[in-house]
Amino acid sequence: MNKLSTSTSPYLLQHAHNPVDWHPWGEEALARARVEKKPIFLSIGYAACHWCHVMAHESFEDEATAAFMNQHFINIKVDREERPDLDAIYMQATVAMTGSGGWPMSVFLTPDLKPFYTGTYFPPVPRYNMPSFRDVLAGIARTWREQPAEVFRVGDEVTGHLQQSLNVNVQSDSAFTRAHLDAAVKNLLDSYDWGYGGWGTAPKFPQPMTIEFLLRRHSTGHEEAIKPVIHALKAMARGGMYDVVGGGFSRYSVDNFWRVPHFEKMLYDNAQLARAYLHAWQVTNDSFFKQIVTETLDFIAREMTHPGGGFYSSLDADSEGEEGKFYVWSLDEIRATLKEDSDFFEAAYGVTPRGNWEGKTVLQRALDDGSLAARFKMDIESVTAKLTDCHSRLLSARSARIRPGTDDKVLTSWNGLMLAALAEAARILESGSLLPFLDQQAGRVQSQYYNMATRSAEFLLKELRPEGKLKHSWREGKTTGEVFLEDYGALILGLLELYQTDFDNNWFATAKELTDEMLELFEDSNGGFFDTSKHGEALLLRPKDLQDNATPSGNALACEALLKLAEFTGEGRYRDHAEKALRLVVGMATRYPTAFGRWLSAADLALENVKQVAVVYEAGGEDASDLVVVIRSRYRPNVIVAASAHPPPKAAPVLLKDRPLKNGKPTAYVCEGFICKNPVTSVEELKQLL
């Protein structure tokens, strides 16, 4: 057993029994490299990564390879999900040196942490036009021994390049305008794949942030923006990448048709996609989108929720050593499970004896409900009910299989994204979430998503904020030492959504407290924020990643949080920080909108007139829920809402201060663009103001 055996990361624990003398990242390993004057082999991956498992099995479990690694290198394993800072720095180096990146990431460093050779997966023997991992190790050991000056020259050169690219992150002279947002929309419409859906070519990623931006622009009057949204969401949810049997989305599609997924399921994808489908349902009233939301959130409740309330990070792509084995079907299995209904299901999904992937079938809809109804002489409602029943029976059959591994660590940033999705789902899909603020003494409402959201928030604020200090990662009662900008940004936004669901002032007060901490710990005087705290470990450089990837950029999340808090509090300093950050990405976001989707949504929030709505009512008096229902009845991305019994408590948003009841009735105040309209007490008057 090596030094990974005491780690909190399931990924590192997967490698604890390798013959490689692995170290976790830390001063012990780094000091040893300096003292022994050995290069560092840094291997970065994550628990649900298929090719990480492959390389581990082929190379890290091989005694001869491990012996060579132990003799010539200090070997360090990093979970990219626990240390996004290290991942960002060395991924940037890998892309700069090789033109592409991915995981497993294989980086060779000097003892002073400068990268001099990088790659990703290496096979055990030369294949795929790649050298074997043993050949790479031998070549680097020889160069380190015979040409050390060259190694250090390359390390200095790469580090200089990384530092230079960091210095580019300074403010532009220009601020975002609506013309920039229009240009981004045009770019997205022009580059959209109308044949199969989505943007780009295989591997195809779901792009929820891009979809959210287009939904926002549609809400402000851009009619065309909705078309790719509907097309993409329907293409992805027909199956393949979407698990039609159990709910939830896989990471991406390996082909252009959304048919064969990379089977890992990540918390962050499902949080962002559930929210995108929820908003699409609000806009279109298409019940199919609502179905995807409920199935996805039910999957999270069933398979990715810790008993205490936090959410796990991922489910593995592999089970029993095979990628996708848990999720695919043979025709015989389907027929044995569905019996007389199998013909119907085979037609719905185009199931054949040959399958559509490696002799098995990845389920993807072949016929829509209307075509099935015509073919089997049924009405649409019966088709929907029968498919639901078939899915349920297949899910029961599948539950007897050996499950993929679960990465059960709880990450603050990803949990913040899921908290926001659940809080919104609760107030949009569950009428029960109206009740808490009307009678805070009535006890917790029995509504699933609201309960999941509140338990999640309580878990994060208790377990991941020990002694009032926020942390990034938790597992089995232990937190890691680090915290990142993305943790603050995502949690603040999640708490603000939860506040707007139940109007519990504790959520708002904590969000404001965290925002002030975020400014103190992460601000960059050049604009925007560093990804690591000013009290964090000294690394090769202090990363400041502006681009959205599979998860939103910490800077984009921070910017959005500051904009919203400025509206709730009236404090201009929050707005100033947000506008300064937005200036960093004006040109890039317009040219490369799929890489800056969350930023574009923040820019939309900054440019459009945000409506601030305050609802006040008499405690124990007339019910104010009709007014709140009106506000929630449509997709209103640029509306923020506060509500309280009159007079509001001290911790309530300033938005509620000095708002008397009109004629003793529940009253709504609507302000927009520094102007407040006359307060109203009726549903019809409020509709007009909104």
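Here are four exercises, each with a worked solution, on this predicted model.

## Exercise 1: The overall build

Work out how the size of the protein chain relates to its length, and what its surface is made of.

*Solution.* Let's begin with an inventory: the protein chain holds 27 helices and 19 strands. Next, take the radius of gyration, which is 26 Å and close to the 26 Å that the globule rule gives for 690 residues, so the chain is as compact as a globular protein of that length. For the extents, the C-alpha trace spans about 85 × 65 × 50 Å along its principal axes. Then turn to burial: 58% of the 690 residues count as buried. The accessible surface comes to about 26800 Å², and carbon and sulfur atoms account for 50% of that area. Finally, look at the contacts between residues at least 6 apart in sequence: 70% of them join residues at least 24 apart.

## Exercise 2: The five-stranded sheet

Trace the open sheet of five strands, find its edges, and place the helices that pack on it.

*Solution.* Start with the strand order, which is β1-β3-β2-β4-β5, with mixed pairing. The edges are β1 (22-24) and β5 (115-119); each has a single partner strand, so one side of each is left without a neighbour in the sheet. From one strand to the next, the twist averages 25°.

Now step inside the sheet. Six bridges link β2 (residues 40-45) with β3 (residues 74-79), and this pair is parallel. To find the register, look at Phe41, whose bridge partner in β3 is Asn75.

Two helices can then be added. Helix α3 (residues 50-60) packs on the sheet and touches β1, β2, β3 and β4 (105-109), with its direction at about 145° to that of β2. Helix α5 (residues 84-98) also packs on this sheet, where it touches β2, β3, β4 and β5. The direction of α5 makes about 80° with that of β5.

## Exercise 3: From the hairpin to the core

Follow β4 into β5, then identify the residues with the most contacts inside the largest nonpolar core.

*Solution.* First, the pairing: β4 and β5 run antiparallel and are joined by four bridges. Phe108 has Tyr117 of β5 as its bridge partner. Five residues lie between the two strands of this hairpin, and Leu113 takes a positive phi near 75°. Is β5 covered or open? Four of its five residues are buried, so to speak a mostly covered strand.

Next comes the core. The largest nonpolar core has 226 residues, and those with the most contacts inside it are Trp25, Leu42, Tyr90 and Tyr277. In soluble globular proteins, nonpolar side chains tend to be buried together.

Take Trp25 as the worked case, leaving aside residues up to four places away in sequence. Among the residues Trp25 touches are Leu42 and Tyr90, along with Leu113. The contacts of Trp25 also include Glu537 and Leu539.

## Exercise 4: The four-stranded sheet

Give the strand order of the open sheet of four strands, and say which helix packs on it.

*Solution.* The order reads β17-β16-β18-β19, and the pairing is mixed. At the edges stand β17 (639-645) and β19 (675-676), each with a single partner strand, so one side of each has no neighbour in the sheet. Between them, β16 (residues 611-617) and β18 (residues 667-672) form an antiparallel pair over six bridges. As a register check, Lys611 stands opposite Glu672 in β18. To finish, helix α26 (residues 625-632) packs on the sheet, touching β16, β17 and β18, and its direction makes about 165° with that of β16.

Conventions:
Residues numbered from 1 in each chain as written. Heavy atoms only, no water. Pairing = 2+ DSSP bridges. Axes fitted to C-alpha atoms, helices over the stretch in contact; angles between N-to-C directions. Contact = heavy atoms within 4.5 Å. Core = buried A, V, L, I, M, F, W, Y, C linked by side-chain atoms within 4.5 Å. Buried < 20%, exposed > 50% of the residue type's maximum accessible area, 1.4 Å probe, protein only. Rg over C-alpha atoms; globule rule 2.2 N^0.38 Å. Areas by Shrake-Rupley, 256 points an atom, 1.4 Å probe, with all protein chains shown as cover.
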